[in-house]
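User: I would like to go through this model in questions and answers. Please give the cut-offs as the terms come up.

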Amino acid sequence: MIDPLWLMLAKVLCVFVFLVLTVLFAIVIERKVLGRMQMRPGPNRVGPKGWLQSLADGIKLALKEDITPVGADKVIYVLAPIISTVPAVTAFAVMPFGPEVSVFGHHTTLQLADLPISVLFILAMSSIGVYGIILGGWSSGSAYPLLGGIRSTAQVISYEVAMGLAFASVFLYAGTMSTAGIVAAQDRVWFAFLLMPAFLVYLTAMVGETNRAPFDLPEAEGELVGGFHTEYSSLKFALFFLAEYINITTVSALAVTLFFGGWHAPLPLSLLPGANQGWLPLLWFTAKVWGFIFIYIWLRATLPRLRYDHFMALGWKILIPSALIWVLFAAAMRSLGNHGYPHWEAILAAVSTLATVVAVVLLHRQFSAVRGDNYEPLPPPVATYEGSFPTPPLPQRNSPRLKEDVNG
């Protein structure tokens, strides 16, 4: 059934408004949550309790002076933020928000477009978006933005391989690459429980794919000033920022679609009559998406930035081999199911849980191992005199060379 033109335009407008509003709220919520986690006040000046801070920041960016470096390639410099933003918005067109509903007498699904290869379309859009980053860094005419763009290219290539392998097991059990078909295949059990290792690989890869902490190496201000967008200002910088948060929303929605049942209600709400009908599933979908956005915020507040060689080793030496092994095992279990083996689904869920527990234990040991011989004892405190200013101890004052100099 083909929707009338006015309904298609209304869907396009609703998707765009949903993304823009999600970005505005995500920025201010992230700053408030980070402030709460780090025991400091977040935005609390603009609007009621600071909730209009993102809107004020957007207006400020629009009114700032637009500066173009003298040595920049002006055409590519202007096109780069557009190349990053347009694919980010377009990728959301294939996300199913809910089931079929009635809009002014017309029956339509809450989805802009349903392609037979919707997931591959999303991967293609995310791959095109990275061109905006590398071209923005190259066209700026500066070394540090170029380094940030090169980092982002290597990062996306590395983690898209692991992400594609995580998708492969989902395709095996859904029997389709359509996002609507994958959601329909999870009406009984969500793939996050059957394919938990694939979900963990995707969860890690999606953070690396969107250049977010602790994988925000393309814009590491410590060594690259600001990364690929160092030379950008005003609306061009705002477009890069908008693309980043839209990509976060897109990969979060994709995680919900592939592994958490899409717009299906969670247990025990799914047992209620009408929980998966009408407009109510839109609420479940939005709540799940915000759950993954909160994970992004939590990671940023908790974990420090990885070193670049550690980050690349995580992708090539851990994620990709793990995802490949899991795809082979999932394919074997699917083959058993096709040949009539009755307990293949229970075995798959048990092995999925066991593999996840083992992975979490190994990661916990890796990151919590502390060796006492790596730390030198602190020097003894320097004696202070009565009435003197309480200065912190200086290790140099206790060194043998300084004592020799003082004693002549």
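**Contacts, cores and salt bridges**

In the protein, 76% of the contacts with a separation of 6 or more are between residues 24 or more positions apart, a contact meaning heavy atoms within 4.5 Å. This is a predicted model, in which local features need pLDDT of at least 70 and side-chain atom pairs count only at pLDDT 80 or more, while totals for chains, interfaces and linings use all residues. Residues are numbered from 1 along each chain as its sequence is written, and side-chain values use heavy atoms, with hydrogens and water left out.

User: How many helices and strands does the protein have?

Analyst: Helices (H or I, at least four residues) and strands (E, at least two) are taken as DSSP runs, numbered from the N terminus. On that basis the protein has 14 helices and 2 strands.

User: Is T22 buried or exposed?

Analyst: T22 sits in helix 1, residues 5-37. A polar atom of its side chain lies 2.6 Å from the backbone oxygen of F18. Not counting residues up to four places away in sequence, T22 touches T249, W290 and I293. Buried means under 20% relative accessible area, exposed over 50% and partly exposed in between, with a 1.4 Å probe and protein chains only; T22 has 5% relative accessibility, so T22 is buried.

User: Which helix gives the most to the largest nonpolar core?

Analyst: A nonpolar core is a set of buried Ala, Val, Leu, Ile, Met, Phe, Trp, Tyr and Cys residues joined through side-chain atoms within 4.5 Å. The largest one has 73 residues, and F167, F191, L195, Y202, M206 and F259 have the most contacts inside it. Its main contributor, with 10 residues, is helix 10 (residues 234-259).

User: How many residues are in the other core that lies apart from it?

Analyst: Among the members of this other core are Y77, A80, I133 and F228. The core that lies apart has 7 residues.

User: What are the closest N and O atoms of D57 and R31 apart, in Å?

Analyst: A salt bridge is a side-chain nitrogen of Lys or Arg within 4 Å of a carboxyl oxygen of Asp or Glu. D57 lies in helix 2 (residues 53-63) and R31 in helix 1, so the pair ties together parts that are 26 residues apart in sequence. D57 is partly exposed at 22% relative accessibility, and R31 is partly exposed at 35%. The closest N and O atoms of this salt bridge are 3.1 Å apart.

User: Which residues are joined into one network by salt bridges that share partners?

Analyst: R212 and E244 meet through their side chains in a salt bridge of 3.3 Å, N to O. R212 is in the loop between helix 8 (196-209) and helix 9 (221-224), and E244 is in helix 10, 32 residues apart. R212 counts as buried at 4% relative accessibility, and E244 is buried at 13%. Through shared partners, the network joins E30, R212, E244 and R300.

User: How many salt bridges does a search of the whole structure find?

Analyst: One of them pairs the side chains of K11 and D3 at 2.9 Å, N to O. K11 counts as buried at 11% relative accessibility, and D3 is buried with a relative accessible area of 16%. The search of the whole structure gives 8 salt bridges.

Conventions: A polar contact is a pair of N or O atoms within 3.5 Å; within protein, one must be able to donate a hydrogen and the other to accept it, and residues adjacent in sequence count only if both atoms are side-chain atoms.
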